[in-house]
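Trainee: I am new to this structure and would like a close look at a single part. Could you pick one residue, start there, and lead me outward step by step?

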Amino acid sequence: MSSEIRYIDEPHPVTGVTNAKLGLWLFIASEVMLFGALFSSYVMLRSTAPVMPEHGTILTNPLAWPRGASILSVPLALINTIILISSSVTMVLSWASLAKNDFAGFRKNMGWTIALSFGFLFVKAIEYGLKFEHHMYPSKCTFLALYFTLTGLHGLHIIGGIVVNAYLMYPGSAMWKTEPRRFMGRVECAGLYWHFVDLVWIFLFPVLYLL
Amino acid sequence: MAGSSMTPAEVDHHVAVYLRVFAALLVLTVFTVVVGEFHLPVITAVVVALVIASFKGSLVAYFFMHLKWEKMIIFATLALTVCFFLFLLFIPYLTSGTTPTVIYGS
């Protein structure tokens, strides 16, 4: 009996999708539960937190919930939102380039995706730096603890995406010459993951910065 | 086509859709920030922000993640996930009045 995983680059006759894609969607489902648990914590902590006094700060009232915009940088978060949405577009365009048999276009768009990902991390590092400069650490208040946990976990997902995309752009792209359908499937799966990371940020942005 | 069963015209159509979705996401992002400047009451602000975020998320999932062209098994997987996610999200409300206020009040 062969130990090879079948239906990686062709749809399974029962499900109608490749095993690779179904597996990736199941992974995304588990990720939804991971971030869902943290969002649930956010709802619980926020809905039970005392109201911030009119001239109160997180330093004097660590349990009270501040308005995100009062201590976080909305312009930096807005820039990061635009960067991440742009990277989602370049990611899907890299897949579309392969669909048109345009390998150079794939590399160009994937290169932009990776560059934008580093841009996101750079802006995030500036933001963290500003917080630390003002002694705003996770231990200071409930809001900052959640802020650093959620954005830190999201940042780790960005780093994971960069590693996968960089692999597909260079060493992994050798597969395009031998098994183009399978390689395209891999790029599509990497894209699904990347769009999910973008999707999480779409919710983090208003929840943490604007409310 | 080396790896795809789509014709170049179909791919071009997809790309045009992606670019329109991109424009819509940018507009909605700016709209989210503008609404945040109105300092609405907390409940209203949360509802408005989550409605816009859900719409943006749907655009990403429907077009960029190809759900528009996806098979039923993927939708079934996601439907099950959404059920569990909503349950998880509402656990705080289902158990309200049990512990958190006591912790903060003590």
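Mentor: Happy to! Let us start at A:Leu76, which lies in helix H3 of chain A. Keep in mind as we go that this is a predicted model. Is A:Leu76 buried or exposed? Its relative accessible area is 16%, and because anything under 20% counts as buried, A:Leu76 is buried.

What does A:Leu76 touch, once residues up to four places away in sequence are set aside? The partners are A:Val123, A:Ile126, A:Glu127 and A:Leu130. A:Lys124 makes a useful landmark here: 48 residues separate it from A:Leu76 in sequence, yet their C-alpha atoms are 8.0 Å apart in space.

Now look at helix H4 of chain A, residues 103–133. With 31 residues at 1.5 Å a residue, H4(A) should span 45 Å, and its end C-alpha atoms are indeed 45 Å apart, so the two values agree. After H4(A) comes A:His135, with a positive phi near 55 degrees.

Next is A:Met136, in the loop between H4 and helix H5 (142–169) of chain A. A:Met136 has 16% relative accessibility and therefore counts as buried. Apart from neighbours within four places in sequence, A:Met136 is in contact with A:Ile58, A:Ile71, A:Lys131, A:Leu144 and A:Phe148. Its C-alpha atom is 10 Å from that of A:Leu72, although the two positions lie 64 residues apart along the chain.

Let us return to the helix where we began and follow it to the other chain. Helix H3 (residues 74–99) of chain A packs with helix H1 (residues 8–36) of chain B, their axes 10 Å apart and at an angle of about 175 degrees. Angles over 145 degrees count as roughly antiparallel, so that is how H3(A) and H1(B) run relative to each other. On the H3(A) side, the residues that meet H1(B) include A:Val74, A:Leu78, A:Ile82, A:Ile85 and A:Val89. Across from them, H1(B) brings residues such as B:Val11, B:Val15, B:Tyr18, B:Phe22 and B:Leu26. By class, this contact has 18 nonpolar residues, 3 polar ones and no charged ones. A general point helps when you look along a helix: an α-helix has 3.6 residues a turn, so residues three or four places apart point the same way.

Having crossed over, we can look around chain B. Chain B has 4 helices and 0 strands, which reads along the sequence as α-α-α-α. Of its 106 residues, 36% count as buried. Among contacts in chain B between residues at least 6 apart in sequence, 57% join residues at least 24 apart.

Two histidines in chain B loops are worth a stop. B:His39 is in the loop between H1 and helix H2 (42–64) of chain B, and its phi is positive, about 50 degrees, although it is not a glycine. B:His66 sits in the loop between H2 and helix H3 (72–94) of chain B, and its phi is also positive, near 65 degrees, again in a residue other than glycine. Their surroundings contrast: B:His39 is exposed, with a relative accessible area of 53%, whereas B:His66 counts as buried at 7%.

Finally, a word on cysteines. A:Cys141 counts as buried at 5% relative accessibility, and A:Cys189 counts as buried at 13%. Over all chains, the count of disulfides comes to 0.

Definitions and conventions: Residues numbered from 1 in each chain as written. Chains lettered and ligands numbered in written order. Predicted model: local features only at pLDDT ≥ 70, side-chain atom pairs only at ≥ 80, totals over all residues. Heavy atoms only, no water. Axes fitted to C-alpha atoms, helices over the stretch in contact; angles between N-to-C directions. Parallel < 35°, antiparallel > 145°, perpendicular 65-115°, else oblique. Contact = heavy atoms within 4.5 Å. Nonpolar A, V, L, I, M, F, W, Y, C, P; charged D, E, K, R; others polar. Expected span 1.5 Å × (residues − 1). Disulfide = S-S within 2.5 Å. Buried < 20%, exposed > 50% of the residue type's maximum accessible area, 1.4 Å probe, protein only.
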